Amino acid sequence: MSRKRAGRNEDSQENHERWLVSYADFITLLFAFFVVMYAVSSVNEGKYRVLSSSIVNAFKSNNSPALVTSAQPIEFSALQNQHPNSGEPIKLIDHPGANKEKKQEKMKGMAKNILNALEPLIKDGQVRVTQSSLGITVEINASVLFSPGQAKLAESSSLTLQAVANVIKGHEHDIRVEGHTDNVPINTESFPSNWELSSARASSVIRLFIENGVEAHRLTAIGYGENRPIESNETPEGRKRNRRVTVMILSADPDKVTEIPIAEN
């Protein structure tokens with residue numbers, strides 16, 4: 001009797017643990033399924049169909065955990081830039097930090113080209129080129145461009161401005177041209193004040209830029225008159241420095257204006 005009871009206990013214990021075999025098979029197949037789904041997330045449609053059929057065949061097998069294989073090896077390096085379905089290249093989005101560095105490098109290259117183009121005038125002290133977070137500033141003494149009290153560009157100044165235009169026309173940056181004068185009043189038929197004179201000089205520079213291939217929508221002319229001196233107007237040297245045209249090559253897009261609707265009463 002004791003032997004029969006012992007045999008029954010062993011059979012009962014074996015029956016209770018039999019489900020672990022099927023459970024292990026199921027977990028193994030489920031793990032293989034998720035691994036394969038993760039792998040095919042970056043392959044094309046043809047590779048996906050091969051792997052999909054392998055998964056179906058694996059689940060049809062009831063004997064033991066199946067090893068899922070594909071008919072051909074998948075080269076992820078060759079497919080990592082392709083769309084999963086169409087095989088078309090995926091457009092990779094650059095990191096904002098990388099874009100900023102690229103823009104800074106472009107600005108440095110542009111400043112260097114301007115320095116090379118205007119090197120004789122820079123050595124002579126007639127042109128100054130500086131770079132800041134706002135962009136590149138090209139300060140040109142008015143005596144290089146205009147006769148006293150005039151806004152028509154001198155013939156000798158065309159080469160100077162053409163050199164600047166040749167550098168900036170291949171870029172997309174906005175450009176602001178500023179006209180400045182000293183504090184000596186002017187009152188002629190063409191220019192009743194320094195406001196008109198400085199604005200007309202800035203416009204003359206812009207006109208030459210457009211004639212040399214710079215897009216008009218990128219250009220802005222501003223006349224400041226005598227209101228933004230960089231040296232004292234008490235000396236002839238200071239007044240000469242204040243009579244200038246400044247070409248600003250802006251590094252950032254202008255601020256966008258948001259329109260706010262006004263509620264009617």
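Here are some numbered notes on this structure, which is a predicted model.

1. Starting with the overall picture, the chain has 265 residues, and 29% of them are buried. Its secondary structure comes to 10 helices and 5 strands. The exposed area is about 18,300 Å², with carbon and sulfur atoms supplying 53% of that. If you take contacts between residues at least 6 apart in sequence, 66% of them join residues at least 24 apart.

2. Next, the hairpin. Strand 1 (residues 127-132) and strand 2 run antiparallel and are joined by 6 bridges. There are 2 residues between the two strands. For a landmark, look at I136 in strand 2, the bridge partner of Q131.

3. Which residues touch the most other members of the largest nonpolar core? They are I114, I136, V138, L145, V205 and F209, in a core of 32 residues. Helix 8 (158-168) is among the elements giving two or more residues to this core, as are helix 5 (96-117), strand 1, strand 2, helix 7 (142-145), strand 3 (175-180), helix 9 and strand 5 (244-250). Helix 8 provides the largest share, 6 residues.

4. I136 deserves a second look, since the hairpin and the core come together at this residue: I136 pairs with Q131, and I136 is also one of the core residues that touch the most other members. Leaving out residues up to four places away in sequence, I136 touches M107, M110, A111 and I114, then V129, T130 and Q131, and finally V247, M248 and I249. To place these, helix 5 covers 96-117 and strand 5 covers 244-250, while strand 1 covers residues 127-132.

5. Is E139, also in strand 2 (residues 135-141), buried or exposed? E139 counts as buried because its relative accessibility is 13%, under the 20% cut-off. Its side chain makes a polar contact with the side chain of R241, at 2.8 Å. Beyond its neighbours within four places in sequence, E139 is in contact with Q126, V127 and R128, with I230, and with R241, R244, V245 and T246. I'd have a look at the E139 and R241 side chains together in the viewer, given that polar contact.

6. L121 sits in helix 6 (residues 119-123). Setting aside neighbours within four places in sequence, L121 is in contact with Q126, V127, V144 and T160. L121 and T160 are 39 residues apart along the chain, and their C-alpha atoms are separated by 8.7 Å. Q126 and V127 also turn up among the contacts of E139, so they are listed for both residues.

7. W195 belongs to helix 9 (residues 194-211). With a relative accessibility of 46%, W195 counts as partly exposed. Apart from neighbours within four places in sequence, W195 is in contact with G223, Y224, G225 and N227. For N227, the C-alpha to C-alpha distance from W195 is 9.2 Å, across 32 residues of sequence.

8. Last, the aromatics: how many aromatic pairs does the structure hold? There is 1 aromatic pair. It is made by F33 and F34, whose ring centres are 5.5 Å apart, and the pair is edge-to-face because the planes are at 70 degrees. F33 is partly exposed, at 28% relative accessible area, whereas F34 is exposed, at 52%.

Notes
Residues numbered from 1 in each chain as written. Predicted model: local features only at pLDDT ≥ 70, side-chain atom pairs only at ≥ 80, totals over all residues. Heavy atoms only, no water. Helix = DSSP H or I, 4+ residues; strand = E, 2+ residues; numbered from the N terminus. Buried < 20%, exposed > 50% of the residue type's maximum accessible area, 1.4 Å probe, protein only. Contact = heavy atoms within 4.5 Å. Areas by Shrake-Rupley, 256 points an atom, 1.4 Å probe, with all protein chains shown as cover. Polar contact = N/O pair within 3.5 Å; in protein donor to acceptor, adjacent residues only side chain to side chain. Pairing = 2+ DSSP bridges. Core = buried A, V, L, I, M, F, W, Y, C linked by side-chain atoms within 4.5 Å. Phe/Tyr/Trp six-rings, centres within 6.5 Å; stacked < 30°, edge-to-face > 60°.
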